[in-house]
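Please look over the sequence and the model shown here before reading the report.

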Amino acid sequence: MSLVLHQAPDDGTNGIVTPESDARLYALATANACGIVQGVQVTSIGGSSLQVSSGWGVVFGRCFTVEQETVLAETSTGESKKGRLLIRIDLSAAEQPIKFITQVADVLPAITQEDINAGGAIYELPLAEYSVNEISVSNLVDVSPKAQSLGARLSGLAADVGNLKYVLVSLPASGWSGSAPYTQTVSVSGMTADWVPGIPTAVLGSSVAVSTLLAATEALGCIKMITSAAGTLTFTAPEDKPGVSLTLRVPGQIER
């Protein structure tokens, strides 16, 4: 049958929930998060031994758990080289689809991260990188990605939206510099250099004459650049000086 409903009474075709269908659903719910959710911290405990703490993570909707384990790092046969500990998921390996892998090389190989819900089979999740010689590990660094919950991602989005603000500024016609490019700098309380101005709009009120609207539109069209600095905004009209006074609503956002 070419059309199957997984969440339905089991009739031998419909109603069969597979690991693949579960993973796709969870991946959708977690926005394809891949990383460590809790624990899974790597520490060097002497010699070439690495200890991985208990915890869990998720890769494209597929959860994995770790019980505290000691892993022996692959060592260098000569001088110190770079080393890495990772978790490898290989869906083609039915008997052991997930395992720890250690690597050692002058230049570590690229990480393989295939979409295992869309035809891929291998996903490697790096945990730690370090230096390793013939007998011991040193300079260990945690490189594990952290998987955020959907709630945390939405909170981050809300924080970004919260940073969308605007300022109102007045630009008198007499305030422009004497020659092109014409500039006018105004004081704005709390302004910073990393605030990125958006496209300004003229504030004209609810009832305005057509001639006033046209004059404001023409004047606003002369302004081609807005530059932020500590406590100020500078407006630049490179060719034509605005001919009327303007009150502008300037949106902006802190640069990240």
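The report below takes up two sheets, one strand with alternating side chains, and two single residues with their surroundings.

This is a predicted model, in which local features need pLDDT of at least 70 and side-chain atom pairs count only at pLDDT 80 or more, while totals for chains, interfaces and linings use all residues. Residues are numbered from 1 along each chain as its sequence is written, and side-chain values use heavy atoms, with hydrogens and water left out.

**Two open sheets**

Strands of a sheet pair through backbone hydrogen bonds, either parallel or antiparallel. Strands here are DSSP runs of at least two residues, numbered from the N terminus, and two of them count as paired if DSSP finds at least two bridges between them. One open sheet of three strands runs in the order E1-E4-E5 with antiparallel pairing. Its edge strands, E1 and E5, each pair on one side only, and neighbouring strands are turned by 20 degrees against each other on average, direction ignored. Such angles refer to axes, which are lines fitted to C-alpha atoms.

Another open sheet of three strands has the order E12-E16-E15, again with antiparallel pairing. Here E12 and E15 are the edge strands, each pairing on one side only, and the twist averages 20 degrees from one strand to the next.

| Paired strands | Bridges | One opposite pair |
|---|---|---|
| E4 (residues 55–59) and E5 | five | Trp56 and Thr65 |
| E12 and E16 (residues 232–237) | six | Thr185 and Thr234 |

**The hairpin and strand E5**

E4 and E5 form a hairpin with two residues between them, and Phe60 in the turn has a positive phi of about 45 degrees. Gly55 stands opposite Val66 in E5. In a regular strand the side chains alternate between the two faces of the sheet. Along E5 (residues 62–66), Arg62, Phe64 and Val66 point to one face and are buried, whereas Cys63 and Thr65 point to the other and are not. Buried means under 20% relative accessible area, exposed means over 50%, and partly exposed lies in between (1.4 Å probe, protein chains only).

**Two residues and their surroundings**

Ser49 lies in strand E3 (residues 49–52), and Ser49 counts as buried because its relative accessible area is 18%. Leaving aside neighbours within four places in sequence, Ser49 is in contact (heavy atoms within 4.5 Å) with Thr43, Ser44, Thr70, Val71 and Leu72.

Tyr166, by contrast, belongs to strand E11 (residues 165–171) and counts as partly exposed because its relative accessibility is 45%.

Conventions. Helix = DSSP H or I, 4+ residues; strand = E, 2+ residues; numbered from the N terminus. Axes fitted to C-alpha atoms, helices over the stretch in contact; angles between N-to-C directions.
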